[in-house]
Every structure is written in structure tokens, then in C-alpha cells.
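Biologist: Hi, I'm new to this one. Could you walk me through it?

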Amino acid sequence: MIHMQRSFARKRGERAPLGQRRAGIALLGLLSSAALLLAACGGSSGSGNSGSASGTKQGGTLTVALASNPDGLDPGVIGTHVAEEVTNQMYAELVSQSPSGTYVPWLATSWSSNANASVWTLNLKHGVKFQDGTPFNAAAVCFNFERALSPTLQSKGAGILLAPMKSCTTSGDYKVTVTFSQGYEPFLNALTTPLLGMASPTAVKKQGSNFNVDPVDGGSGPFEFVKWVQNDQIQLKRWSGYDSPPAGTSHSGAAYLSGITFDIVPETSVRMGSVSSNQYDAAEDMLPSTYTSMKQNSALRTYVVNEAAATYQLAFNTAKAPWNNTQLRQAVRDAIDVPSMLGSIYFGIEHQAWSTIAPNVQYYDSSLANSWKFDQAESNQLLQQLGWTTGSGGYRQKQGTTLTLSLVDVSPDTNSDQEVDTVLQQQLKQVGIKVTITDMTQAQEEAAVAQGNYDIVGITLGLSSPNVLNFLFNSAFVPSPKSFGFDWAQVDNAQLDQLLAQGQATTSDSTLTSIYNSIQQMIAKNVWTIPLYVPAYTFVTQSSVHGIGFEYAGYPDFYSTWMS
Amino acid sequence: MLEYVLRRLLIGVPLVVGVSIVVFFILHLLPGDPVAAALAGSPATPSVIHRLEAEYGLNRPIWVQYWEFAVHALHGDLGRSYITGQQVTSVIGAQLGATVQLTVAALALTAVIGLCAGVLAAMYKGGPVDHLLRLVSVWGSAMPQFWTGIMLIIVFSFSLHWFPAAGTGGLRYLVLPAVSLALVSVGIVIKIIRNSTLETLSQPYIIALEAKGLSRGAIIVRHVLRNALIPAVTVLGVQVGSLLSGAVIVETVFGRQGIGSLLVQSIEQKDYPLVQGLILFIAAAYVIVNLVVDISYAYVDPRMRVAVDTDGR
């Protein structure tokens, strides 16, 4: 039998025949050329870190890496935090809120309301223009407010903040009167959010439904829109005509930077590595595990900004047994070692929260600090008292039922929530509580919550007003298949509802302090939710970037930024 | 030939329609409410939610919703995204180029590297070159793309500064993502080409050619490569499919635009019109690519040409 492969099979040490070698070399050559071609396409990657040659503060384009794609650039439409970060540079608001929470005049010079805060009057700054030259006046303000409530706009943020508005009337060019169907003290805080940024009526009408993706000339802030390549990049450039920063800002006139480029880089390790290797000037949303090394890197500057918002808290489904029992919920709270949980996951970025709102939110009740502690013995005792005895497998049982806490969470993970879930599971196992974790998409989580298919779920809301408690605990917002709401603790308490309504209907500082203190203490006493940490916004820049400001709610502000 | 092409295209139509129906109903039957997803993070009053539901047409029976979608689709209107409000056709159009760029580049790399390496491995069977290339083949097809992608970024971008880590743009932005995407396909193609080349080399006519006095080089270039190409065409056609799905991961890791990452995003956000439009588009693309592969068979393999022409199958 002839061995067909003989010609090409070689014994060890035998060289290949010449023709074969030539063909082989040709193929190898082709491969190497391909490799060389690829390498030649490379070269040192440029960085956007170009300061002005003469070393002055003016100029340069700041390149910022964002973690996700904004859902639009029309302040009346958007609902995501990342969109607000970008629009914050493009649109000015009527009022600003300083880091200490004080309200500061911006495009509105002064404001007042009636006794129950159902009618608000705003006096506007004179001589301000939009980026397309349209004068800023009372009519423009009412235009912006009314369009947020129009059904065709599909507003996801502004429309909610202005929902109780009944009418907006003008008196001359610089006075606006807004009437609400009920007392609405949170209106003042709403005016400071990027969701109520002022857009030019002329530009909005001209662009129509395209304004959300192409808001050309429509802004009122220090930067104007150039271009948005979806899922890739947003380009802004300095608007030379800007001259109305909030009162008390250290400089006026146009911004220092000549432009900002926002790139969308969803993969956290790539985003962070790109800043470390000087491919971007700045990036948001740090990996907690790299925080320490980045902090120590003298070529970088790190910022950790506590957001004025609802804290990240675990909400019990208090409508479902056995978690409708306050003492049982307290036993869970006692069994959680929050400092060690936060330390191992967040490496010092997130701090323990004691209330349902962050310490820098107005009317935060500081008496709640350290009002409970990690106490396994206390937890075990409570559980024993309630009749839950240790059964097989180390979990507690009562009348044949294992004490189970079913937790639902969203995948892909945001802010290491899934790690929090895992640590929670381990810690509660120590006292005999079985935690089952189910990860699902955001839409599925909302469906599970609407149907009550959960015992506990993590929640936070990015509203900087204490009125965020209304959305989280008012019985009107209990989620159901027919109506979506954020009262995920299923709280239905008439006294609380009344307090929350009172909190909206007065502007008296002392009354508000006492109302919100009562609310926070009631929530803490009933352990409807367990606050875990204060959400923090993280940002890292090259050391050559100076003057980054952060809004009260945690958004970066590049008006005073310059690059050396 | 023309009849064959037309018949294949005609069969493709019910396929695409079937896919769109299945996807539509799956999307609507899965738990999760697109209005809630669109509002994610924003507290809303019931009136706002009802308004949005009416806007999106979600309060009508599901078959009515599908019928309206189908009618509009036939007129080239795939609806508007729930999230940005843009026309679906323009969203897809804007992002399509980047994915095509990436897929074509990866396919080219796969073809060139896979083919050359596979033939080389077969020619030097048993030697160090063969062992090395087989190792590369196994490694390439086994390693997950998000890992190889990040490794490539760490070495060639963060350390060596040869290429940018993220973004969409010219050739420089394409190299690392294309390599990362192509690695799996290259691994598979090397193996298949090596095997088909070895099989070709074992044919009696190769010995006959040697006996005729043809040089080794000429045998390889004129005879072996042509025959090795036949399974290569099948493999490459199948690989287009896996390249498209790999593009989802690669586009996310490298922060690139494209319909892969767009599809994942829109599914998570329950952006029904965008998901429908993307699936419709991808299904149509598959049908066309498969048709092109089948037609190209006829040019690569003369035996297929006869078969196609005589009985149109």
C-alpha cells in the first residue's frame, strides 16, 4: 500500500523540499506582512490633554470618559444621571444650590411663595440671552415648564418634577408666577436640577423632535452643542457669549476650556486604565478596588463626592409575612456589620448611612447617626423570642418553614450591588437567616416588585430634595402591576402620608425641620428600610486638570475648569 | 443561476417575517414594562405612566401592535426609539457602519491568517511550526473575548501606547478590536483548513502531479490552495454569524459604536421598536450572507456550478 503522504511527511531532521519551502516562506511572508501592517497602523496614541502653548489658563479640550450613553440632550426629556452630567454644561438653571445646600440666585434673581407654597413667584435676571441670541425672559421660562408637561414630549424627569403645576403666567418680561394644584415646597429644589435647565424656545421649535439628539444653539450655559455620535462621543465647545454664572462664582464671562469631548466607555477597567495611561483627561465612576492606588498616584487627582440624594437602602416588602413584623426586620438590621461590608467592597469610597437621606440633604436628622449597631447577640435573641429556632442546615425555622429572605437585584451589576448582596447573605447566615439572591434585568426587577415577588430589594433615588422621601414612602407610590412607583417598602401609613403632605405645603424652616425629623425617625423606628451607604460620585482626572466643581447633587461642573 | 438566486431570496422572506413575529411576541411576553424601564431612576406619578403607555401604544391588544409594526415596516418606517425618540432606521443607520467596519476587518484577518496558518501547519505537519500554530488555534478559540480584549488593551494600549483603548474612528481604533474579535474565528479556521489541506495532500492526484515533475511550490499554489478554499468558504460564511455575536462583546469592551452593543442596550431598556428593527435587520443580513456564501461556492468549486445550473438547487 503506497503511503500517499510520503512526499510531504518528513522524518525528524530532514529538510523540506525546496518548492515546499518557497511556498512556506511565501505564506509566512504574507502572515508577517499582515502583522507589520497592523503594527504600522499604531503609533503613539495622542491625548486630548492639550493646554494652551503659552501656559495660560485659557484653552484646551477636556476629554472625559463616561460610563454610559445619555438618553438625550433635551433637559425636558432626559431621565438619566449621565445625561444630566452633559446637559449641566449646556443649560443654565434658574436657581443654584451651593454644596452646603443654600439656594443661590442664577437666572432667577429672587423668589417667593405664598404660605402653603402653592403659588411661587420668580424674578428673572435682565439682559441674558440664549446661545442662538433669543432673549431669556418670562415667556421662555413658561415655555420650558409647559413643554415638560406636554404629552408629546414624553418627559422622563422634568415632567415628573413639575407634575403638580397648574399654570405658569408672566407679568412683563421678568416675572413668572407658577401655580400648583397643591402646596409644593420642593419646587425650589427642582429649579436647581439640570432637568429644569433653560432651553431656547426658538431652537426647540426649529429642531422639533430632533432637539433631543441635536440640540444645536439651544443652550443657555457655558458650553454649546457641536455634535453627538450616538454611543460614541458628544462634543461641546465654549460659548463665548456666556456671562451669567450663579451668584458668588469666582469668575464670570466665558468658560476657560475651549471645548469638552465626552466619550462613552462602558467597560470600567478600560475607562480607568485609559486615564492612568493618559488617553483621557478625566473619567467618571472609579473601580473601588483601584481607588487607593489611584489616590496615591501623583499624576492623577481623585474626587469622591457624596451625592445629596436618598441613601442606598434595603427595602423590605413589609406587606408580606413574615417581614411585616417590625422586630424581625430589626433582627436583620442588627445582624448586618455595615462598616466591614463597606470596607471590603468600597475601600473607603462609600460611608455608612444612618437615615434614608444623605447627610447633606436639607433637614437631615443628625440624631440618627450611630442610632443602631451591629449586634449578633441581640439579633439572635430577637429571633429566638419571635419563635424562630435553629433548624437543620443552620437556618432558623418556625412551624416547618425556613426563615428565608428573597432578595432581587439587577444584572449587570451597578456599583457593586451584587457584592453587597453576597456579603449580606454571608452575614445573615451567621444568625440563621437564609438569603436567596435572584439577579435579573432592570425591567424584570420592576415587574417582580410590582407583583410583590420579593422580600427585600436595594433602592436609591437621585433627587436632592428631602421630598425624595415622598416618592419612597408615600402610599400613593406603592408599586402594583397597574401603577409603577418607588415605595418598594410597601409602606402604607396614614400618619406618614400626612406628614409628607405637610412637608410639601410649607416653606417655614423650623416647621420643615420638625416634620422631616419626625418622618426620618418614624422610618428608622419601624425599620421599613435599612440604610446602608451614602452614594458617592467618583471622578478621576490628570493632575494637569484644575478647577473641577461639583454640584450639590454630585454632577461635575466644568465652568471653572482649566488645564495646565 | 439567476433562478437559483431569486428562489433563495424568496425563501428568505418568510424566514425574516417568522423571526420578527417570534421576537415581537417574546419581547412582549417577557416580564418588564418598557415605560418603567424608560423611567428608570425617575419617580413618576400614575398619570405620567398612563400618558407614556398611550404614547407607546402599549395599551392596545398585542396582535394589533404587531400588525401596525408590520404595516409601517413595509413602508420603511420602523418606529421611534422609546428612549431617545429618534427614528429606528436612522439609529441603526448611524451605528451600522462601525459594526460593518469591525466585522469586515475581523473577517479579512480571519481569512488571511486562518488560511495561511492552516496551510502552513499542514505543510510542516509534525514540526514545531505545526505545533505552535495548533496551540494558537486552540488558545484562540477557547479564550473568552472579553478577556483577550482587555489583555490586548493592557499590553498594546496602556503599556506600549501603540493603539487607543476605546472609541470608534479610523484604522488605529480598529486594530485591537478586530484582532480581539477575529481570534476565535482564526482559531477555528486554522484547524479546519489544516485538516482540509492534509486531506487534499493525501489525494492520489498530488502524487501524479509530483510524478509529472511539477514543483512543490506550484503544487501548493495551483492545486492545494484552491481545494483548501472550499471548506474555507463554508467556514467563513458561518463565522460571519459568530463574528456578529462577538461584536456585541468587543464593542462594549472597546467602547465602540455599533449595532451589537446597541442591541444589548435596547433589550435591557425594553426599547421595543429598536429591538424589533435590529433583529429584523440582522435576520435579513444573515439570509443575504448565506446566499452570497452559497453562490460563491459555484465560483470556487466548478462541480457546484454544474449542479446549480442543471437542477437549480
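Modeller: Sure. One term before we start: two strands pair if DSSP finds at least two bridges between them. And keep in mind that this is a predicted model.

Biologist: Okay, so which residue does A:Thr389 stand opposite in β16(A)?

Modeller: That's A:Gln397. β15(A) and β16(A), which covers residues 396-398, pair in the antiparallel sense over two bridges.

Biologist: What order do the strands have in that open sheet?

Modeller: The order is β15-β16-β17 in chain A, three strands with antiparallel pairing. β15 (389-390) and β17 (401-402) of chain A stand at the edges with a single partner strand each, so one side of each has no neighbour in the sheet.

Biologist: What packs against α9 and β16 of chain A?

Modeller: The buried residues of α11(A) do, and α9 there is 326-334. Helix α11 of chain A runs over residues 376-385, and its buried residues include A:Ser379, A:Leu382 and A:Leu383. Those three cover an arc of only 100° around the axis, which puts them on the same side of α11(A).

Biologist: And which exposed residues does the face turned away from the buried side of α11(A) carry?

Modeller: A:Ala377 and A:Gln385 are the exposed residues on that face. After α11(A) comes A:Gly387, with a positive phi near 95°.

Biologist: Speaking of phi, which sign do most residues have?

Modeller: Most residues other than glycine have a negative phi, and most peptide bonds are trans. Here, A:Asp285 has a positive phi near 65° and is not a glycine. A:Asn370, also a residue other than glycine, has a positive phi near 60°.

Biologist: Where are they, then?

Modeller: A:Asp285 is in the loop between β11 (282-284) and α8 (288-296) of chain A. A:Asn370 is in the loop between β14 (351-352) and α11 of chain A.

Biologist: Is A:Asp285 buried or exposed? And is A:Asn370 buried or exposed?

Modeller: A:Asp285 has 20 C-beta neighbours inside 10 Å, so A:Asp285 counts as buried. A:Asn370 counts as exposed because the number of C-beta neighbours inside 10 Å is 8.

Biologist: Got it. Which residues does a cis peptide bond join?

Modeller: A:Ala321 and A:Pro322, with omega at about -5°. A:Pro322 is in the loop between β13 (312-316) and α9 of chain A.

Biologist: β13 again. What does β13(A) pair with?

Modeller: β13(A) pairs with β21(A) in the antiparallel sense, over four bridges. One of the residues involved is A:Gln313, whose bridge partner in β21(A) is A:Pro531. β14(A) also pairs with β21(A), in the antiparallel sense over two bridges. There, A:His351 stands opposite A:Val534 in β21(A).

Biologist: How many residues of β21 are buried?

Modeller: Six of its six residues are buried, so to speak a mostly covered strand, at 529-534 of chain A.

Biologist: Switching to chain B: at what angle do the axes of α5 and α8 cross?

Modeller: Roughly 35°, and the axes come within 6 Å. Helix α5 of chain B is residues 88-123, while helix α8 of chain B is residues 171-201. The crossing of α5(B) past α8(B) is right-handed.

Biologist: Which classes of residues are in that contact?

Modeller: The contact of α5(B) with α8(B) has 23 nonpolar, six polar and one charged residues.

Key. Residues are numbered from 1 along each chain as its sequence is written. Chains are lettered from A and ligands numbered from 1 in the order in which they are written. This is a predicted model: local features need pLDDT of at least 70, side-chain atom pairs count only at pLDDT 80 or more; totals for chains, interfaces and linings use all residues. A residue is buried if 20 or more other C-beta atoms lie within 10 Å of its own, exposed if 12 or fewer, and partly exposed in between; C-beta atoms are placed from the backbone. The arc is that of the directions from the helix axis to the C-beta atoms. Two residues are in contact if their C-beta atoms, placed from the backbone, lie within 7 Å. Axes are lines fitted to C-alpha atoms, for helices over the stretch in contact, and angles run from 0 to 180 degrees between N-to-C directions. A crossing is left-handed if the near helix is turned anticlockwise from the far one by less than a right angle, and right-handed if clockwise. Ala, Val, Leu, Ile, Met, Phe, Trp, Tyr, Cys and Pro count as nonpolar, Asp, Glu, Lys and Arg as charged, and the others, Gly among them, as polar.
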